[in-house]
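Visitor: Hey, got a minute to go through this one with me? I'd like to start with the overall picture and then get into some strands.

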Amino acid sequence: MLEHAGDPAQRTLEGYRRHGGYIALEKALRTMQPDAVTAEVLQSGLRGRGGAGFLTGKKWQFVPKGGSKPVYLCINADESEPGTCKDRQIMEHDPHQMIEGALLAAYAIGAGTCYVYIRGEYPHSIRATEEALVEARAAGLVGRDILGSGFSCEMWVHPGAGAYICGEETALLSSLEGGRGYPRLKPPFPAVEGLWRCPTIVNNVETLACVTQILRRGAAWFAGLGCAGSAGTRLFCVSGHVRRPGVYEFECGKFTLRELLEEFCGGTNTGRPIKGCMPGGSSFQVLSPAELDVRFDADSVAKAGSSLGSGGIMVFDDSVSALDVALNIAEFYSHESCGQCTPCREGSDWVKKILLRMARGRGTAGDLELLWDVTRKMDGTTICPLAEALVWPVQSYLKKYREDFEAAVRGGATA
Amino acid sequence: MSAPAHLRIDGHAVTVPAGTNLIEAARRAGVTVPHYCYHPRLSIAGNCRVCLVEVEGVGKLQIGCNTGARDGMVVHTANERVKEARGGVMEFLLINHPLDCTICDQAGECKLQDYAVDHGTGVARFEDGKVHKPKNVSWGEKVVFDSERCILCTRCVRFLDEVAGTPQVSIDERGDRSTLIVGGDGALTSPYQMNIIDICPVGALTSRDFRFKSRLWFMRFTETICTSCARGCNVVAGSRNDRLLRMVPRENPEVNDHWMCDHGRLHYAFVNDEARIVTAKAAGRPLPYAAAIDQAAQLLEGARAQGILAVASPFMTNEELWALKGLCDALDVKDRWFLKPMGEGDDLLVHPEKCPNARGAALAGFVEAPAPPPTPTCGALLYVAPREGAALPPEFLAQAGKRIVFSLREQEADLLFPLTTFLEKDGTVVSAGDRVQRLTKGITFDRNLLAERSVLDRIHAALEPGFVAPETAAQAFARLAEGPAAFADLTWAKVGALGTPLAREGATA
């Protein structure tokens, strides 16, 4: 995906075409039925890259066939997960790759309109995408009767306004419609009733870039990369106490997390031992040093009790108190809780307040149990997964670094 | 109608149309699932999370309001897992709540109080600072908002949008800083806005009219109907010390659903008006009822030859109207009118007839008074004045011979009898859609006050010695059933608390 990201010309249509751009689209529009595109993506084993990891082709199949309502495609470019900055690489350096993938997806699901919901804090991504769209439109790649195929698809950029929750697909739809970015109750699922109550598929930027690669090089090629359950390559954003942070493109299943951190990323930049690593953004469980030997692929990491999530790998060394990391996470999620449903609205801030109290040395021994119980009651009782994005990591810190929390309530502020 | 779904809810077998939400399905099985945001007439919000239930075979707990019944479903609404989750939600709802029940108007009818007792943990574990939000916020002339008490269930938001058609309230900020705001200049404009006070499950929205007037547990509640227009919205009238303090709608899917208009709700000052007359009067001077009734009988008897004009009020109950009709029959009164106040209606509830019983007056044989009325030629006028909205012109009254008038307020008359208001009597009216509905006595405004039906029947008895008046309203209603076909087959019990349609052939359009 990032093969040509270093080439400044890749942002332009001409540069993109030089590297085989839009050939897959042309081939699909001229020679493939929409279902064949879906079949190809299904066969590739592509899983969504936004965090939940659902089979993309399968998701597309949920769109009801032959309905009278228009079908929409939305690109989730609201990349807001702490530690995640991969989608912007695609949008800013290779936006046509996303646009081509989106057109392929739109063709597969029968969508005549595609909205690119880009995080408001990403002005460069917004500009790059809009510039690419201008060129694509002028070249007849976006709009009416694309490449003379009879297939039409308009594409619009919609900037977000600074809410993490709008990366949740149904909140994204609410926001697109002009409402508050509130997640919706499911069912109905967006594939059946999404934007303007019409069938809608929401796909992540990287997912669509993969679609381009799959249709360009074939499902078999894609499926041959990585490993079972983690087909293809994936983008990972490594940050924190590492010598070589950055966005990496990896095949999964070929090495362990420890190898990734120590060999590719050069170990900690402080020279101190790693204390913990979040392998999939802030929303998932931390892995302790003993767990770093897990094979680095979605299924193995899931088995280890965490997730590759949206690909944000964050590392901290042993100078860091796990309580402070948990507090940082809780502060983020309580600030970003949309406030729609009770357990998340009230609970996230409560968790933050307890952690803050502990970090300031005003915690009590009972706070550990309280924290555990409060997070437990937020788990599985809310409309969307934001509460769990707070609960799961916080519980994992509490479980794996209990001594840090106990030390804090015994005396001694950490923050 | 969807296919029937057979479910087991807490062990009770129940059959409902597939897709019925689990709160309603449980209700039918006799099981109450607590809820805040769910309201049967509003869209599903699913935000309060109090109605979480366990559906066998589904991993996570599901919210009852957004889960449709499927055949074979086994649901648990009160097992340990559900109770724990529900207790958790209750705790979350209360951590930032001010817990100011002692000064909150909602106390006594607050779902936070009720559920805290029924489903709460009973223990406070929150020791951090509460979130502070705006209090005593004016939402215009009728509604006052307290954001700290608000649980953000959005019932008010949805009501104004979906029922009233005036989407003025929305949520500002996010997370636990979320608060409701009113668009525009901050004042609600809907003529139905006060319904949001009723559907607010907590003390966040209070009525400027009613707040701080009385604790609920000192009040008496009477199921009756609103008499401000012909709709006849079913209401619960709350009174204390024989004064009406508030009216709130009472659910009746056939009439007003869960709602009533603000005008009807707030239009009750006349009931408590201390300037009301409470004794009979002759030429402006108080007179004992017995004497006044005798004089009325003599006066009417004396005017018989010259002719009597009877003018009924569409605010009278059917039983009163038929008492008046009986008296008119006894006196061979030919001219029988009634006055009908008219005004604006709307397409939700407000009816253009600004009285509860014009239909009943017509059924009792009274005809709408000609407008303007011709110069009177009668020797005596027997006039039950409408409490508002229509009246015989003064010049007409001046020429109408001897005048026996029933009125709420002072009025020039040879004999003046006080009127009683709708909350001071039992009786029936015929509302819009030809629906017979019951008024129920809730207060005694003045112990000496004699209701119109008694006065009319006593005058009647004085004129016709064999006449036996019905005692209760139920007995009086039973006599109606012998009258026009419209009332045939109806009984007081059949009318019940929710009313019943008139027989079709007697319908008055």
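Visitor: How much of chain B counts as buried?

Guide: Keep in mind that this is a predicted model. In it, 58% of the 509 residues of chain B count as buried.

Visitor: And what's the figure for chain A?

Guide: There, 60% of the 415 residues count as buried.

Visitor: OK, what is chain A built from, in helices and strands?

Guide: Chain A has 17 helices and 10 strands. Its radius of gyration is 22 Å, close to the 22 Å that the globule rule gives for 415 residues, so chain A is as compact as a globular protein of that length.

Visitor: What are the spans of chain A along its principal axes?

Guide: The C-alpha trace of chain A spans about 70 × 45 × 35 Å.

Visitor: Same two things for B, please: how many helices and strands, and what box does it fill?

Guide: Chain B has 14 helices and 24 strands. Its C-alpha atoms fill a box of roughly 85 × 50 × 35 Å along the principal axes.

Visitor: What about contacts in each chain: what share joins residues at least 24 apart?

Guide: Counting contacts between residues at least 6 apart in sequence, the share that joins residues at least 24 apart is 71% in chain A. For chain B, counted that way, 64% of the contacts join residues at least 24 apart.

Visitor: Switching to surfaces. How much does each chain expose?

Guide: Chain A exposes about 14,900 Å², with carbon and sulfur atoms supplying 53% of that. For chain B the accessible surface is about 20,800 Å², and 52% of it belongs to carbon and sulfur atoms.

Visitor: And the charges, how far apart are the mean positions of positive and negative?

Guide: In chain A, the mean positions of the 44 positive and 48 negative charges are 3 Å apart. In chain B, with 56 positive and 62 negative charges, the mean positions are 2 Å apart.

Visitor: Let's get into the strands of B. What's the order in the sheet of 5 strands?

Guide: The order is β2-β1-β5-β3-β4, in an open sheet with mixed pairing. β2 (12-17) and β4 (62-63) are the edge strands, each pairing on one side only.

Visitor: Remind me, how do strands of a sheet pair in general?

Guide: Through backbone hydrogen bonds, either parallel or antiparallel.

Visitor: So which way does β1(B) run against β2(B)?

Guide: Antiparallel, with 6 bridges joining β1(B) to β2(B). R8(B) is opposite A13(B) of β2(B). β1(B) and β2(B) form a hairpin with 2 residues between them, and D10(B) in that turn has a positive phi of about 50 degrees.

Visitor: What about β1 and β5 of chain B, parallel or antiparallel?

Guide: Parallel: 2 bridges join β1 (residues 4-9) to β5 (residues 74-76) in chain B. I9(B) has V75(B) as its bridge partner there.

Visitor: Which side chains of β1(B) are buried?

Guide: They alternate along β1(B): A5(B), L7(B) and I9(B) point to one face and are buried, whereas P4(B), H6(B) and R8(B) point to the other and are not.

Visitor: One more. What's the pairing in the sheet of 3 strands in B?

Guide: Antiparallel, in an open sheet ordered β6-β7-β10. Its edge strands are β6 (137-138) and β10 (205-207) of chain B. β6(B) is joined to β7 (residues 143-145) of chain B by 2 bridges, and V137(B) sits opposite F145(B) in β7(B).

Key: Residues are numbered from 1 along each chain as its sequence is written. Chains are lettered from A and ligands numbered from 1 in the order in which they are written. This is a predicted model: local features need pLDDT of at least 70, side-chain atom pairs count only at pLDDT 80 or more; totals for chains, interfaces and linings use all residues. Side-chain values use heavy atoms; hydrogens and water are left out. Helices (H or I, at least four residues) and strands (E, at least two) are DSSP runs, numbered from the N terminus. The radius of gyration is taken over C-alpha atoms; the globule rule is 2.2 Å times the number of residues to the power 0.38. Buried means under 20% relative accessible area, exposed over 50%, partly exposed in between (1.4 Å probe, protein chains only). Contact means heavy atoms within 4.5 Å. Accessible areas come from the Shrake-Rupley method with a 1.4 Å probe; for residues, only the protein chains shown count as cover. Lys and Arg count as positive and Asp and Glu as negative; His and the chain ends are not counted. The place of a charge is taken as NZ of Lys, CZ of Arg, CG of Asp or CD of Glu. Two strands pair if DSSP finds at least two bridges between them.
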